[in-house]
Amino acid sequence: PLGDLTHLDGSLWIHDVPELVSLSGLNRLRSIGTSLAISNAEQLASLGGLEHVTSIGNDSAGVSIWIHNVSTLQSLSGLRGLAGALPGSLVIIDAPQLASLD
């Protein structure tokens with residue numbers, strides 16, 4: 001089950017889940033080897049559940065985090081556990097409720 005996942009060697013893709021409201025089932029995840037991509041998750045208001053992720057790699061395009069069409073996302077605070085700079089870029093497209101990068 002996802003709740004037991006602590007390390008992911010590849011990418012974490014959360015795509016085309018318009019009813020998703022929480023990432024709390026990922027609360028044991030500590031690292032993502034390649035990248036984090038969240039798209040078409042229109043009801044997801046926070047990245048809560050990812051607080052314990054301390055590292056994210058980057059994909060072949062040089063992207064570490066890709067957020068697209070997450071129209072209710074209000075905060076990136078669920079990623080506060082990340083240590084140091086990301087090795088790749090942060091891409092955010094169509095997240096109109098996101099007021100800051102804090």
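Which residue in S4 is the bridge partner of Trp13? It's Ala37, and the close-ups below start from that pairing and work outwards. Keep in mind that this is a predicted model.

**View 1. Strand S2 sits beside strand S4, with Trp13 across from Ala37.**
S2 and S4 run parallel and are joined by four bridges. One of the pairs here is Trp13 with its bridge partner Ala37; Leu12, in turn, stands opposite Leu36. Follow the side chains along S2 and you'll see them alternate: Leu12 and Ile14 point to one face and are buried, whereas Trp13 and His15 point to the other face and are not. S4 plays it another way. Leu36 and Ile38 go to one side, Ala37 and Ser39 go to the other, and all of them are buried.

**View 2. Four strands line up as an open sheet in the order S2-S4-S6-S7.**
Pairing throughout this sheet is parallel. S2 and S7 (89-93) are the edge strands, each having a single partner, so one side of each is left without a neighbour in the sheet. On average, neighbouring strands here are turned by 5 degrees against each other, direction ignored. Step across from S4 to S6 and you cross four bridges between parallel strands, with Ala37 standing opposite Trp66 of S6. So what does Ala37 have for company in this sheet? Trp13 is its partner in S2, and Trp66 faces it from S6. One step further, S6 and S7 run parallel and are joined by five bridges, and Ile67 has Ile92 as its bridge partner in S7.

**View 3. A second open sheet is built from three strands in the order S1-S3-S5.**
The pairing is parallel in this sheet too. At the edges stand S1 (7-8) and S5 (55-56), each with a single partner strand, so one side of each has no neighbour in the sheet. S1 pairs with S3 (residues 31-32) in the parallel sense over two bridges. Look for Leu8, which stands opposite Ile32 in S3.

**View 4. Leu36 is one of the best-connected members of the largest nonpolar core.**
That core has 22 residues, and the ones touching the most other members are Leu23, Leu36, Ile38, Leu47 and Leu50. S2 (12-15), S4 (36-39) and S6 each supply at least two residues of the core. Zoom in on Leu36 and, leaving aside residues up to four places away in sequence, you find it touching Leu12, Leu50, Ile56, Ser64, Ile65, Trp66 and Leu79.

**View 5. Ser64 is tucked away in strand S6, buried at a relative accessible area of 0%.**
S6 covers residues 63-68. What lies 2.7 Å from a polar atom of the Ser64 side chain? The backbone oxygen of Gly57 does. Beyond four places in sequence, the contacts of Ser64 include Ser35, Leu36 and Ile56, along with Leu86, Pro87, Gly88 and Ser89.

**View 6. Ser39 of strand S4 makes a side-chain polar contact with His15.**
The two side chains come to 2.6 Å of each other in this contact. Is Ser39 buried or exposed? With 5% relative accessibility, Ser39 counts as buried. Its touching partners, not counting residues up to four places away in sequence, are Ile14, His15, Asp16, Val17, His68 and Asn69.

**View 7. Arg28 and Asp4 form a salt bridge through their side chains.**
A search of the whole structure finds one salt bridge, and here it is: 3.6 Å, N to O. The pair links distant parts of the chain, with Arg28 in the loop between S2 and S3 and Asp4 in the segment before S1, 24 residues apart. Side chains of opposite charge can pair when their charged atoms come close. Arg28 counts as partly exposed, at 39% relative accessibility.

**View 8. Gly81 lies in the loop between S6 and S7.**
Gly81 counts as partly exposed, at 24% relative accessibility. Leaving out residues up to four places away in sequence, Gly81 touches Glu51, Val53 and Thr54. Also worth a look is Arg30: the C-alpha atoms of Gly81 and Arg30 are separated by 9.0 Å, although the two residues are 51 apart along the chain.

Terms used. Residues are numbered from 1 along each chain as its sequence is written. This is a predicted model: local features need pLDDT of at least 70, side-chain atom pairs count only at pLDDT 80 or more; totals for chains, interfaces and linings use all residues. Side-chain values use heavy atoms; hydrogens and water are left out. Two strands pair if DSSP finds at least two bridges between them. Buried means under 20% relative accessible area, exposed over 50%, partly exposed in between (1.4 Å probe, protein chains only). A polar contact is a pair of N or O atoms within 3.5 Å; within protein, one must be able to donate a hydrogen and the other to accept it, and residues adjacent in sequence count only if both atoms are side-chain atoms. Contact means heavy atoms within 4.5 Å. A nonpolar core is a set of buried Ala, Val, Leu, Ile, Met, Phe, Trp, Tyr and Cys residues joined through side-chain atoms within 4.5 Å. Axes are lines fitted to C-alpha atoms, for helices over the stretch in contact, and angles run from 0 to 180 degrees between N-to-C directions. A salt bridge is a side-chain nitrogen of Lys or Arg within 4 Å of a carboxyl oxygen of Asp or Glu.
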